[in-house]
Amino acid sequence: MAGIPPTAFAVPPPLPPGWTEHISPTGQPYYYNAQTQQSTYVRPLPAFPIIPQAAAAAVGAAAPAPKKPKKEKPLVKTPIPGTEWLRVITNEGNTFYTHTGRKQSVWTVPDEIKEAVEQLEREEALKKAREVEEAARKAEEERAREVERIQSEVQGMVGKRKAEEVVPVDEIVVSKKPKVDGEEDDEEMDGEDEEDDDDSEEEEWQKEAAAQLAKEAEEEKQRQEEERKRKEEEARKLKEAEKQKGAPQINMPERVDLSIDEAKALFKTLLREKNINPLHPWDTSLPLFVSDPRYVLLPSVSARREAFDEYCRERARELRESKVKVEKQTLDPRQEFERLLKEEVKSTRTSWTEWRRQWKKDRRFYGWGRDDREREKRFREYLKELGEQKRAAAEKAEKDFFALLKESGLAKPGAVWKEIKKHLVSDPRYDAVGSSSLREELFNTYIKAGASDAAAQSPTPDNAAGQPSGATPAEDEEERERRKKERKERAVREREEKVRAERSKVEAEIDRSKLGLTREEGELEFRTMLTDAIRDPQVTWEAVQPQLQKDPRFVNSPLPLNQQLHLFHAHVNALRVKHIANLHALFASHAPALNTPFTSLPVASLLSSLPASKLGFNVDELEREYEKWQRERWTEARAAFDQMLSENSFVEFWGRLGKMDAKGVNVSIKNEDLGDDEEEEQVDMKALAKNVDLKEMIKVLKNDKRYLVFDHIPEQREQWLRDYLSQLSAPTLSVHVPEK
């Protein structure tokens, strides 16, 4: 038996002032403070005074060493009916439970034996009540017998006295002494006085005995009355203390007559008042409400846990519904969907299928729109808007980059981009152009445009010679402005043409990616449609086409006909392979051996099975499939047999050693190499190899499943083993054998 858990106190410490101990309906003690209106299951400890170290040391030195407390030991062991548990009561009055099989001891009642322990306690309570009644009845009978005995003794004593006083006449002795008349009168008077005295003493004794019995009965009655009054006084004082407190307090009554539903409702009210978190487990939440008197209204821990679980489910549902209601009141579904698009869609190449799979459980996704079609439409529109925004941002970045080059004054003919970009990298307009290759291309374009402007501004010698003498400076200025404007317009047109070409290229790539995604989505939907509609492996494309034409996934499929046929045949072949695998499993269950003939199988049962009926097999087709399966099994078993031989080191070692002939290496081992201290002798390994015959190898292999599977052909199996040994070659020279 496991060790007894240690106890904090051999004898419980006294309660602090104001605390009283009570017993709950389940028999568990609890403690109540009438002043603070507080109740708890944990026994309060008194406030111990703090003794200074010096005083404590002096007291410790003066006081004698306390006696060592006795070790707590089991006193009474009671088996719990129907279980392997024992209820153990120690010599200190503590109770724990121990499991005889698992050697486990606990202080609290385990959940698995709660009902059995409650039944045992009820039986013990009934037995104790019967014993008390029996003891009271016996005490009453004993009291009655004692009264009868006293009365009989009294009557016997009275009768004895009377018998002693009666003197027979024959025994009277007459005195010879003569008496005078006066003396005779005196003697007669004395005799009468003695008789009167005896009668009065007897009556007095009987009265005293009766008075004593009456007095004892009256004292017992008074004691019972005082006990009843004391209990009533305690209850009255408790109620007065509660009234004086003025605050409503739930008392722990001596007995609560409530139905299970009422008790459960009060228990849930307790949990709501304590605001128990429905996401916390029972063990975490228990300390928050275990000290409340309403905790014990339910009869068992299992009932309390069941009510706790119901409260958690109801409370979690209420909180969830209130949260949804608040979100619906405060948020606009359309705005939330737009915000989700802006936050999560960053590229125009984002796929609707992938994005929907990622966010379909988000409230911002499914909270807006009638169906996925409307949401997909808005998604496509947003991709177009995002593309326009990116193109506008790219154009603006290019214009700003040209302005940056112009402001810097470094972009001159003959300038090198690697040197120029070092002076521009700190400007934000430089980073606005995302690609380094695009920056270099824009720089080269700007340089070319500047060179053409310079060539136009500086006239050639021919032009100077052919210039009419009558041209005025104003006309020359207008001509230069016109040419400069033409060059700028030409450069802008060239740039626009280039940007347009780049844009058409990007759009073509986007269209190709969308087309690929559309084909991928169409293929996935077509496979799903085939899985839903076709479950017969014998169906043909022509037979199933009328059925498929009713499905919108078939009508709206973007796949060409040849790809649809390919997917259809692949699906039918997969169904056939699955049913054939199930049929092979049935063959394996009915034919465990390789030599099981087809006639020994339950053919009727196999034909009526689901795989055979789905494949449409008759007896001949079933037999052909079985023979094909047996051939495959034979091939696999034969390969496994060869692998077994190659893996067995015993067969390989002695098989190779037996191939050594007289012309080969002279292999011998000295006894000293084997650890023998006797005289040196040579051990011939070839002689040992001759002793290891085929039977020794079979003994090693006979426990392997790959060997046992060929028990029906032992001669052929032995021949296979001989063939394997014949293919082995003699071993080469070992490092452990000295070379001669």
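At what angle do the axes of helix H8 and helix H10 cross? The tour returns to this question at its third stop, after a view of the whole chain and a first selection.

**The whole chain**

Begin with the entire protein chain on display, and bear in mind that this is a predicted model. The chain comprises 26 helices and nine strands. Of its 740 residues, 24% count as buried. Among contacts between residues at least 6 apart in sequence, 61% join residues at least 24 apart.

**First stop: Asn275**

Select Asn275, which sits in the loop between helix H4 (260–273) and H5. Its backbone merits attention: although Asn275 is not a glycine, its phi is positive, at about 55 degrees. Most residues other than glycine have a negative phi. Is Asn275 buried or exposed? With a relative accessible area of 56%, Asn275 is exposed, because the threshold for that class is over 50%.

**Second stop: Ser300**

Proceed to Ser300, in the loop between helix H5 (282–289) and helix H6 (301–330). Ser300 has a relative accessible area of 16% and is therefore buried, since buried means under 20%. Display its side chain, which reaches the backbone nitrogen of Ala303 at 3.3 Å. Then add Thr26 to the selection. Ser300 and Thr26 are 274 residues apart in sequence, yet their C-alpha atoms are 8.6 Å apart in space.

**Third stop: helices H8 and H10**

Now select residues 352–359 for helix H8 and residues 372–408 for helix H10. Here the opening question is answered: the two axes cross at roughly 120 degrees and come within 11 Å. H8 is therefore oblique to H10. The crossing of H8 and H10 is right-handed.

Show the side chains where the two helices meet. On the H8 side they are Trp352, Trp355 and Arg356, and on the H10 side Asp372, Arg375, Glu376, Phe379 and Arg380. By class, this contact of H8 with H10 has five charged residues, three nonpolar ones and no polar ones.

**Fourth stop: Gln563 in helix H18**

Move along the chain to Gln563, which is found in helix H18. Gln563 is buried because its relative accessible area, 18%, falls under the 20% limit. Which residues does Gln563 contact, leaving aside its neighbours within four places in sequence? They are Arg519 and Glu523.

**Fifth stop: helices H18 and H21**

Keep H18 (residues 561–590) in view and add H21, which spans 619–647. The axes of H18 and H21 come within 11 Å and cross at roughly 75 degrees. That angle makes H18 roughly perpendicular to H21. To see the contact, select Ile580, Leu583, His584, Phe587 and Ala588 of H18, together with Leu622, Glu625, Tyr626, Trp629 and Glu632 of H21. Seven residues of this contact of H18 with H21 are nonpolar, two are charged and one is polar.

**Sixth stop: helices H21 and H26**

Leave H21 selected, hide H18, and bring up helix H26, residues 714–727. H21 and H26 pack with their axes 11 Å apart, at an angle of about 45 degrees. The two helices are therefore oblique to each other. Their crossing is right-handed.

Which residues of H21 meet H26? They are Trp634, Arg638, Phe641, Leu645 and Ser646, and their counterparts in H26 are Arg717, Trp720, Leu721 and Tyr724. The residues of this contact of H21 with H26 divide into six nonpolar, two charged and one polar.

**Last stop: Asn648**

Finish at Asn648, in the loop between helix H21 (619–647) and helix H22 (649–657). Its relative accessibility is 16%, so Asn648 counts as buried. Where does the side chain of Asn648 make its polar contacts? The side chain of Asn648 reaches the backbone nitrogen of Phe650 at 3.1 Å. A polar atom of the Asn648 side chain also lies 3.1 Å from the backbone nitrogen of Val651. To complete the view, select Val700 and Leu701: with neighbours within four places in sequence left aside, Asn648 is in contact with these residues.

Methods: Residues numbered from 1 in each chain as written. Predicted model: local features only at pLDDT ≥ 70, side-chain atom pairs only at ≥ 80, totals over all residues. Heavy atoms only, no water. Helix = DSSP H or I, 4+ residues; strand = E, 2+ residues; numbered from the N terminus. Buried < 20%, exposed > 50% of the residue type's maximum accessible area, 1.4 Å probe, protein only. Polar contact = N/O pair within 3.5 Å; in protein donor to acceptor, adjacent residues only side chain to side chain. Contact = heavy atoms within 4.5 Å. Axes fitted to C-alpha atoms, helices over the stretch in contact; angles between N-to-C directions. Parallel < 35°, antiparallel > 145°, perpendicular 65-115°, else oblique. Left-handed = near helix turned anticlockwise from the far one by under 90°. Nonpolar A, V, L, I, M, F, W, Y, C, P; charged D, E, K, R; others polar.
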